[in-house]
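Subject: Structure handover

Hello,

Here is the structure for you to load. My notes follow below it.

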Amino acid sequence: MTTHEYTTGATPTPPLGAPRVSIPHQPSHQRPGPSAQPEPPAPSAPRRPGRDRYLDLLRSIALVRVVVYHLFGWAWLTVLFPSMGVMFALAGSLMARSLNRPAFSVIRGRVRRLLPPLWAFSAVALVLMFAGGWSVTKDPDHGGTWGLVEMINYVFPFGAPPFPWHIGDKAGLLEDTWAVQAVGPLWYLRAYLWFVVASPLLLWAFRRVPWATLFFPLALTAVVGTGIVTIPGETGNTITDFAVYGGCWVLGFAHHEGVLQRVPRYVAVSCSALVMAFGLWWASGHLGPDGWDLNDIPLAQATWSFGFVVILLQYSPSWQELPGRLAKWDKLVTLSNNRAVTIYLWHNMLIMATVPIIDQVYNLPFMESERATAALDSTYMLWMFVLVWPLIGLTILAFGWIEDIAAKRSPRLWPNGVKKGRSRGRTGRAASHRG
């Protein structure tokens, strides 16, 4: 993300087209002599650098899209807005900006911001799994000593953590696959962590051979994401994720370094459209079990996300404030950026938590009629969508402050940019592990 700071200096020449200011005629006895110096104008306060609100808006849209996708499972959402590619690109841009400082301190800071929120989530998830009767040493998929070693990924997510594929009873409060759905989003933290660790080398390569570095992940995806080379297990998943979203991460570098801005817009958009068209063409011949869900088609995901992100960043207006009608969403955009890790970690578990809550409605007296029951059945998913947002809000209150502690800030319960004692607060600098 680029920020601009304005400094004062010599009196600037009026820009072309600016109105000329006429100086009133003064009598000769009132004019300053040769030695007299006119009083210099008071310097204007430099503009305070801050977050790029356009990028913050994109991150908020991406988070909402992720929640909606995991709730409804609509495959076309992966085409409409490739959230993960956008989130990796924004994180790459912020990482490039931070690497103006020593690389080790930047990596340490990013890891520090990531781990405490993960630990809180892992503690709750593991307690629920153990309470449900799961034992890692007896799990047929993760048993023995290696299963215990894999548990470290709940603390440092360099790989995939173990979890039971089925736990509890299908007739219980939650379906027996709740652990898979709850822990599934941790793949993003694993990929993010590897990108952070690799960023100093990637940025060094990008500054020397930018175009080769930019397109290398797409070439790698064509190898490991199409079956030409198959790498089994979680190692293969890690490398595939790195390849699929590596182009978007490096696009974040290109945005920060100004490389994209040096490419004529019509060239960038035209080439991006061709890359995206190729992605859709490839997807049409390699549809997965959920049809057009690009998450199941690595090469299509990589190329579509790449082209989509190029267009978004080419038109990046670098807003200091949200303009026009978007301004009414300012507080929610600020809140979601300040609590991006919390929202992402917990949203799947909260989606599942809506089910036992809504099921209690069936026990109410007015639900005894078949008509009322049928009405609730037909709108069940809609009520899940409505209910998940207040649950996310409660989770932000309960666990979000851990992100502040991880960032070495004073904990805040609801950081939406409104300062205490003011009816209208200024947007604060949103901070998360991506910022």
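Tyrosine 188 is buried, because its relative accessibility is 0% and the cut-off for buried is under 20%. Keep in mind that this is a predicted model. Tyrosine 344 also counts as buried, with 2% relative accessibility.

What do these two residues form? Tyrosine 188 and tyrosine 344 make an aromatic pair of the tilted kind. Their ring centres are 5.0 Å apart, with 50 degrees between the planes. Tyrosine 188 sits in helix 7 (residues 186-208) and tyrosine 344 in helix 13 (residues 340-359), so the pair ties together parts 156 residues apart in sequence.

The pair belongs to a wider aromatic cluster. Its members are Phe88, Trp187, Tyr188, Tyr192, Phe195, Phe242, Tyr245, Trp249 and Tyr344. Across the model, the count of aromatic pairs is 30.

Next, helix 9. This helix covers residues 233-257, which is 25 residues. From first C-alpha to last it reaches 36 Å, close to the 36 Å expected at 1.5 Å a residue.

Where is the kink in helix 9 centred? The centre is tyrosine 245, and the angle is about 45 degrees. Tyr245 is also one of the members of the aromatic cluster above.

Helix 9 is mostly covered, with 18 of its 25 residues buried. Threonine 238 lies in this helix. Its relative accessible area is 17%, so threonine 238 is buried too. Leaving aside residues up to four places away in sequence, threonine 238 touches Arg190 and Trp194. After helix 9 comes glycine 258, with a positive phi near 80 degrees.

One charge-over-ring contact to check: arginine 265 lies over the face of tyrosine 315. The distance to the ring centre is 4.2 Å.

Now the whole chain. How many helices and strands does the chain have? There are 16 helices and zero strands. The chain has 435 residues, and 46% of them are buried. Take the contacts between residues at least 6 apart in sequence: 75% of these join residues at least 24 apart. The accessible surface is about 23300 Å². Carbon and sulfur atoms account for 65% of that surface.

Over to you.

Best wishes

Notes. Residues numbered from 1 in each chain as written. Predicted model: local features only at pLDDT ≥ 70, side-chain atom pairs only at ≥ 80, totals over all residues. Heavy atoms only, no water. Helix = DSSP H or I, 4+ residues; strand = E, 2+ residues; numbered from the N terminus. Expected span 1.5 Å × (residues − 1). Bend = angle between axes of the 7 residues up to and from the residue. Buried < 20%, exposed > 50% of the residue type's maximum accessible area, 1.4 Å probe, protein only. Phe/Tyr/Trp six-rings, centres within 6.5 Å; stacked < 30°, edge-to-face > 60°. Lys NZ or Arg CZ within 6 Å of the ring centre and 35° of its normal. Contact = heavy atoms within 4.5 Å. Areas by Shrake-Rupley, 256 points an atom, 1.4 Å probe, with all protein chains shown as cover.
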